[in-house]
Amino acid sequence: MSKSYLIRRDVKLTDAGSLIKKNKVLKFTETIISRRNVQPASDKLEKNDIIYVAEKGGEIYAKCIVIEKYKIFEWRTLAEALKFYNETKEKIDQPYFLSRLSKFSKQLSIDSSYTFKFQFYEVEQNLLSSYVPLTGALSDIKKDQSSLIILTQSQIDYINNSNVWIESDLDEKIPSALRLKIYSFFSKQKGIGHLIDIDHFVPKSLGGPGNVIENIIPIGFGLNRYKSDSIPRGFFQVAQEYFNQELQTELKNALKNSDEYFSNSLKSNHSELAKKIIKKLHNKENYSIIEAKEFYKSVLKIHHPEYVQFINEYK
């Protein structure tokens with residue numbers, strides 16, 4: 001029975017300073033520098049095993065099937081390893097090999113019993129339709145320093161179900177599938193890979209939905225994040241268009257304050273009014289999901305029009 005693993009590749013250790021993100025057959029390598037009789041992690045691979053590939057510090061972008069595993073090269077001296085490098089440097093990522101060679105040299109200067117082992121393995125790489133960040137069931141992988149990490153069934157399911165997301169009702173929870181799609185959009189389409197997380201814009205504590213992109217915003221995108229879970233002023237401005245007849249006086253009083261964000265404390269009049277508006281807005285007998293989404297999009301546009309442009313492209 002095939003097993004599933006994850007590897008992380010570092011663009012800094014590739015010849016071109018970038019990873020090959022194409023559907024094609026590739027050769028990967030594993031090494032180990034040790035005094036013990038241990039083999040590179042890749043030696044445990046079997047034909048048809050699955051390997052998910054993540055960019056170091058980034059998302060999983062490909063799924064590979066192991067085609068072939070080659071013999072292990074072993075060197076006990078720096079000269080032997082250098083000879084191999086000179087003979088095969090056109091077939092390997094030179095920065096990676098040289099970084100390992102440097103470590104081997106340092107270890108030999110301390111103890112001559114160290115050996116340097118190297119192994120090629122061949123895979124058929126297929127890009128995922130959406131990049132998958134190491135969040136949710138994959139969060140623990142960030143702490144794992146292994147070069148070849150075996151995945152649990154729940155982690156595999158998390159990766160494979162990252163595209164499953166059906167928008168039916170407004171819900172406070174941010175679906176993992178939507179979270180992953182947004183990560184993928186910014187990373188794959190916009191070349192922005194430094195998102196820290198995404199969060200509600202109209203706060204979750206008030207009932208602000210998390211399952212529509214119109215009410216969530218990237219943190220670390222370069223936008224000025226609102227303080228804590230405060231209520232954006234634009235929320236009440238847009239509410240005037242929707243509820244001005246029935247809440248005219250309350251909305252007018254709420255907007256007397258010139259702050260861009262209002263406190264969302266238990267005793268805040270702004271909080272009570274916001275909850276009342278959200279309850280009315282989310283009542284499907286009065287407003288459709290499409291209308292509610294347009295409401296939240298209009299709120300976001302007042303504060304971050306540049307992000308709304310990305311939402312339109314995402315759509």
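Where is the place of K47 in the predicted model? The residue lies in the loop that connects β2 (24-34) with β3 (50-55). K47 has a relative accessible area of 60%, above the 50% cut-off, and is therefore exposed. Apart from residues up to four places away in sequence, K47 touches V66 and I67. Both of these contact residues fall within the range of β4 (60-75). The C-alpha atom of K47 is separated by 58 Å from that of A274, a residue 227 positions away along the chain.

The loop between β2 and β3 also holds N48. With a relative accessible area of 45%, N48 is partly exposed. Its backbone has a positive phi of about 80°, although N48 is not a glycine. For most residues other than glycine, phi is negative.

The strands on either side of this loop belong to an open sheet of 6 strands, in which the order is β2-β5-β4-β3-β1-β6 and the pairing is mixed. β2 and β6 occupy the edges, and each has a single partner strand, so one side of each is left without a neighbour in the sheet. Helix α2 (residues 94-110) lies across β2, β4 and β5 (115-132), and its direction is at about 10° to that of β2. Helix α3 (residues 153-160) also packs on the sheet, where it touches β1, β3, β4, β5 and β6. The direction of α3 makes about 65° with that of β3.

Within the sheet, strand β1 (residues 4-9) is largely enclosed by the rest of the structure, because 5 of its 6 residues are buried. β1 runs parallel to β3, and 6 bridges join the two strands. In this pairing, S4 has I50 of β3 as its bridge partner, and I7 stands opposite V53 of β3. β1 also pairs with strand β6 (residues 149-150), here in the antiparallel sense and over 2 bridges. L6 of β1 stands opposite I149 in β6. In a regular strand, side chains alternate between the two faces of the sheet.

Further along the chain, the model contains a nonpolar core, the largest in the structure, with 39 residues. The members that touch the most other residues of this core are F235, F236, F243, I277, F295 and Y307. At least two core residues are supplied by each of α4 (176-189), β8 (216-219), α5 (233-254), β10 (261-262), α6 (269-281), α7 and α8. The largest share, 8 residues, comes from α5. The contacts of F295 illustrate the packing: beyond residues up to four places away in sequence, F295 touches F235, V238, A239, Y242, F243, I277 and L281.

Two of the helices that contribute to this core, α7 and α8, are also in contact with each other. The axes of helix α7 (residues 289-303) and helix α8 (residues 305-314) come within 6 Å and cross at roughly 135°. The two helices are therefore oblique to each other. On the α7 side, the contact is made by K297, L300, K301, I302 and H303, and on the α8 side by P305, Y307, V308, I311 and N312. By class, this contact has 6 nonpolar, 2 polar and 2 charged residues. Y307, one of the α8 residues in the contact, is also among the core residues that touch the most other members.

Technical notes
Residues numbered from 1 in each chain as written. Predicted model: local features only at pLDDT ≥ 70, side-chain atom pairs only at ≥ 80, totals over all residues. Heavy atoms only, no water. Helix = DSSP H or I, 4+ residues; strand = E, 2+ residues; numbered from the N terminus. Buried < 20%, exposed > 50% of the residue type's maximum accessible area, 1.4 Å probe, protein only. Contact = heavy atoms within 4.5 Å. Pairing = 2+ DSSP bridges. Axes fitted to C-alpha atoms, helices over the stretch in contact; angles between N-to-C directions. Parallel < 35°, antiparallel > 145°, perpendicular 65-115°, else oblique. Nonpolar A, V, L, I, M, F, W, Y, C, P; charged D, E, K, R; others polar. Core = buried A, V, L, I, M, F, W, Y, C linked by side-chain atoms within 4.5 Å.
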